[in-house]
Structure formats: C-alpha cells, structure tokens
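I opened this notebook to record what I looked up, entry by entry. The topics are exposure, backbone angles, cores, helices and the overall fold.

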Amino acid sequence: MWKTLDEISNIVALVAGGAYIVWSIIRRLRGTPMSTKRLLVLPVVCFAVGIYMAAGDVTKATALDWELLGVFVLAAYGEGLGRGATIRLYEHDGLPHQKYNWLTVTIWLSLIPLRVGMVLLAQHWHADIAGGTDMVGILLGLTFLGEASVVLPRARRMGLNLSLSPKKNAKKGQASDRVGHAG
C-alpha cells in the first residue's frame, strides 16, 4: 500500500510541476518582471521536489547510474544555459523584465526528446535509477539554474537593477527602452 501511495505522490508532484512549468513558460512568453528571487526560487523548488522523490534511490544506484546521471546533469544544465542566452531582457516602467521567444520555447521543447533519449539509454544499459522519473525534479532544477546563471550576469551587465523582489526594483515615473538579447 505504501508503495502505491508513494507512486501516487510522485505522479501528483510531476503533474503539478509540469503544470507550473507550462504556466511559467506562457507567462514568460508575454514578458514578466524579473528579480533574483524569481530566478532562483524555481530551481530550489525543483531540487527540493527532486531530492524528495529520489531520496530512496540513492542507496540503490549503481556506478553506471551515477555515471549516466553525471552526463544527464551536464545536458540539463547546458540546456538551461542555451535557453538563458536566448531570453530578451529589458526594462519597463523601472522594472527589469524578461521575455521568452520562440527559440527559447524550442529549446524548452528539446528537453522532451533529450529526456526520452536519456531514458532509452538508461534502459538499454539497465541503469534504472538514472532513467527513472525520480530524477526529473533535479534535472529540471538544473535547467532553471543554468538559465539563471546566464540571465543574472546579462541583466547586471545591462545595468538592470535586480533585487530580491520585483516590487523593490520599481522606480516611480521612470521608463526605459534598454533592451538586450543574447550577450
């Protein structure tokens, strides 16, 4: 019975996480205010969920699982780096904003075949932990961390004022046309 409850909680976590990510992508396609907090909370939440889901697997992982996980970690982080380089950064009404474009979304969608390839490779080599769903949260956290590790320095180089909260960034009565793409 506990195994079934654990599986149900994993499914609920994956569905809730997936829904949040889709919502986040849609919001960012429209353009959203940006803050250090907003850029770093999602990776932390994904890591926390991923660690919770993967906690029981650590002792069962083989050397091959760990090796494949290392490759998967690099791929997930690299995907986030690529996504971060495509995001449009700009200032609007005194607030730093970010906006996804279709290239950013295409990179997001590339995660699907990438993850399918990871799972097939892991299954082929009987690395059940590396190919399991329990690692999805950790890998998603790494994609968001990769994105933030590109976006934060770009925003600072542009002179965008990033604080912990977007409301604290507001400068009443000031608007700017500062815009930055990759760079």
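**Entry 1. Terms for exposure.** Before reading single residues, I fixed the classes: buried means under 20% relative accessible area, exposed means over 50%, and partly exposed lies in between. I also note that the model is a predicted one.

**Entry 2. Positive phi angles.** I looked for residues with an unusual backbone sign. Most residues other than glycine have a negative phi. D93 is not a glycine, yet its phi is positive, at about 55 degrees. I located D93 in the loop between β2 (88-92) and β3 (95-99). Because its relative accessibility is 46%, D93 counts as partly exposed.

H126 also has a positive phi, near 60 degrees, and is a residue other than glycine. I found H126 in the loop between α4 (102-124) and α5 (136-157). With a relative accessible area of 64%, H126 is exposed.

**Entry 3. The nonpolar cores.** In soluble globular proteins, nonpolar side chains tend to be buried together. I therefore asked which residues of the largest nonpolar core touch the most other members. They are M34, L89 and W108, in a core of 21 residues. At least two residues of this core come from each of α1 (2-30), α2 (36-54), α4 and α5. Helix α5 gives the largest share, 6 residues.

I then listed what W108 touches, leaving aside residues up to four places away in sequence: I21, I25, E79, R83, Y100, L140, T143, F144 and E147. A second core, separate from the one above, has 15 residues, among them A76, M118, I138 and L139.

**Entry 4. A nonpolar patch on the surface.** I next turned to the outside. L109, I112, V116 and L120 make a nonpolar surface patch of about 400 Å². I placed V116 in helix α4. Is V116 buried, partly exposed or exposed? At 46% relative accessibility, V116 is partly exposed.

**Entry 5. Helix α3.** I checked the span of α3, which runs over residues 63-86 and has 24 residues. From its first C-alpha to its last, α3 reaches 35 Å, close to the 34 Å expected at 1.5 Å a residue. Its buried residues are D65, L68, L69, F72, A76, E79, G80, R83, G84 and T86. I asked what covers these buried residues of α3. The cover includes β2, α4 and α5. Two of the buried residues, E79 and R83, also appear among the contacts of W108.

**Entry 6. T36 and V151.** I found T36 in helix α2. T36 counts as buried because its relative accessibility is 14%. T36 and V151 are 115 residues apart along the chain, and their C-alpha atoms are separated by 9.8 Å.

**Entry 7. The whole protein.** I closed with the overall figures. The protein has 6 helices and 4 strands, and along the sequence I read the pattern α-β-α-α-β-β-α-α-α-β. Of its 183 residues, 43% are buried. Among contacts between residues at least 6 apart in sequence, 81% join residues at least 24 apart. I recorded an accessible surface of about 10,100 Å², with 69% of it belonging to carbon and sulfur atoms.

Methods
Residues numbered from 1 in each chain as written. Predicted model: local features only at pLDDT ≥ 70, side-chain atom pairs only at ≥ 80, totals over all residues. Heavy atoms only, no water. Buried < 20%, exposed > 50% of the residue type's maximum accessible area, 1.4 Å probe, protein only. Core = buried A, V, L, I, M, F, W, Y, C linked by side-chain atoms within 4.5 Å. Contact = heavy atoms within 4.5 Å. Patch = residues over 30% accessible without salt bridge, like charges linked within 9 Å, V, L, I, M, F, W, Y side chains within 5 Å. Areas by Shrake-Rupley, 256 points an atom, 1.4 Å probe, with all protein chains shown as cover. Salt bridge = Lys/Arg side-chain N within 4 Å of Asp/Glu carboxyl O. Expected span 1.5 Å × (residues − 1).
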